[in-house]
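Hi everyone, thanks for coming. Let's have a look at the structure together and then walk through a few parts of it.

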Amino acid sequence: MIEARHLRVLRTVAATGSFSAAARELGCTQPAVSQQMKALEASAGTALIVRTGRETRLTEAGEVLVRHATGILAGLTAAEEEMAAIAGLRAGRVRLVSFPSGSSTLVPTALAALRAAHPGTRVSLVEAEPPASAVMLREGDCDVALAFRYGGSAAEWDDLVVRPLLVDRLVGVVPEGHRLAGAGAGAGAGTRPGPGTGTGTAGRDGTGAGTVAIGELADEPWIAGCPRCRKQLVDACEESGFTPRIDFATDDYPAVIGLVAAGLGVAMLPELALEAVRPRGVRTLTVEPSVHREIVALTLPDLAKVPAVAATLDQLVLAAAR
């Protein structure tokens, strides 16, 4: 295999006309130049230089290699400069995938801060719900995945780097005129908890202080969310002794709010999702037993060492703490 350092020596020999002159140019000894030329000729499998007295001349093969060496070394220099820029966060790319409520709440704050600190770093965003987002990460289709789980097995992400962001509480959502509308936490979305340390508090407007047992909603029609959230809803209801009658299912949180506000059913939504929409015409309820989801940022162990990826993870943690 031809090494770049040998190409640099060959090009210097060709430019200066002798081993001794090349040695002075490169700041090394003449025997060192001779040794590197022998190694290069061994790699090439042919003679590259012919020595005639104190001078040298290139063979035909040597002329071909010198001609290509200029482009090769220029390309290597450019690559080294670009890698140095990435390592110094003067450049770089991060492919981020997130679930919708994370895209509208955590991601904008994190990416705005990242751009302000490192304007040369480019971030792209696509949306996917877990577990599909983790699959994308493992298959190399993204660099960072914003994901969530409901008390899942710790082994689900045991091959990934997991950065805890927050614990997101689910609240009941009912129409304003519902019989239980005055019993819950109020009309606002929950405040955001710190990174991985606790759960959301009651509604921002502070109206309402009691809690409602989920069993009190057993006879209601339900509007369910994404498949993972839908399964958690069914599990929570069945633990309380009933199976929910799901009339509508949609991944679109504004659609859930609209259906509830129209009196077509009740729902359970994460507080982070409520933060992303205007919950008009509905009231939120603090529901017992409480249900929470863990929100995290995921990446691969090797990717976690890339400065742009590490900076993105750090900004997501800070965004979750705001």
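So, which residues touch the most other members in the largest nonpolar core? They're L165 and W222, and that core has 59 residues in it. Helix α10, residues 307-321, gives this core its largest share, with eight residues. There's also a second, separate core, with 16 residues, including V9, V13, L48 and L73. Keep in mind that what you're seeing is a predicted model.

Hang on to V9 and V13, please. Both sit in α1 and turn up again where that helix meets α3. On the α1 side, you've got R5, H6, V9, L10 and V13. Facing them in α3 are V33, Q36, M37, A39 and L40. Sort the residues of that contact by type, and you get seven nonpolar, two polar and one charged.

How do we describe a pair like this? In general, for two packed helices, we give the angle between their axes and the distance between the axes. Here, α1 covers residues 4-16 and α3 covers residues 30-44. The angle is about 115°, and the axes are 9 Å apart. The crossing is left-handed.

Okay, on to the cysteines. How many disulfides does the structure hold? Zero. Take C226: the closest cysteine sulfur belongs to C229, and it's 3.1 Å away. The cut-off for a disulfide is 2.5 Å, so that pair is too far apart for a bond.

And is C226 buried or exposed? It's buried, because its relative accessible area is 2%. C28, on the other hand, has 31% relative accessibility, so we call it partly exposed.

How values were computed: Residues numbered from 1 in each chain as written. Predicted model: local features only at pLDDT ≥ 70, side-chain atom pairs only at ≥ 80, totals over all residues. Heavy atoms only, no water. Buried < 20%, exposed > 50% of the residue type's maximum accessible area, 1.4 Å probe, protein only. Axes fitted to C-alpha atoms, helices over the stretch in contact; angles between N-to-C directions. Helix = DSSP H or I, 4+ residues; strand = E, 2+ residues; numbered from the N terminus. Left-handed = near helix turned anticlockwise from the far one by under 90°. Contact = heavy atoms within 4.5 Å. Nonpolar A, V, L, I, M, F, W, Y, C, P; charged D, E, K, R; others polar. Core = buried A, V, L, I, M, F, W, Y, C linked by side-chain atoms within 4.5 Å.
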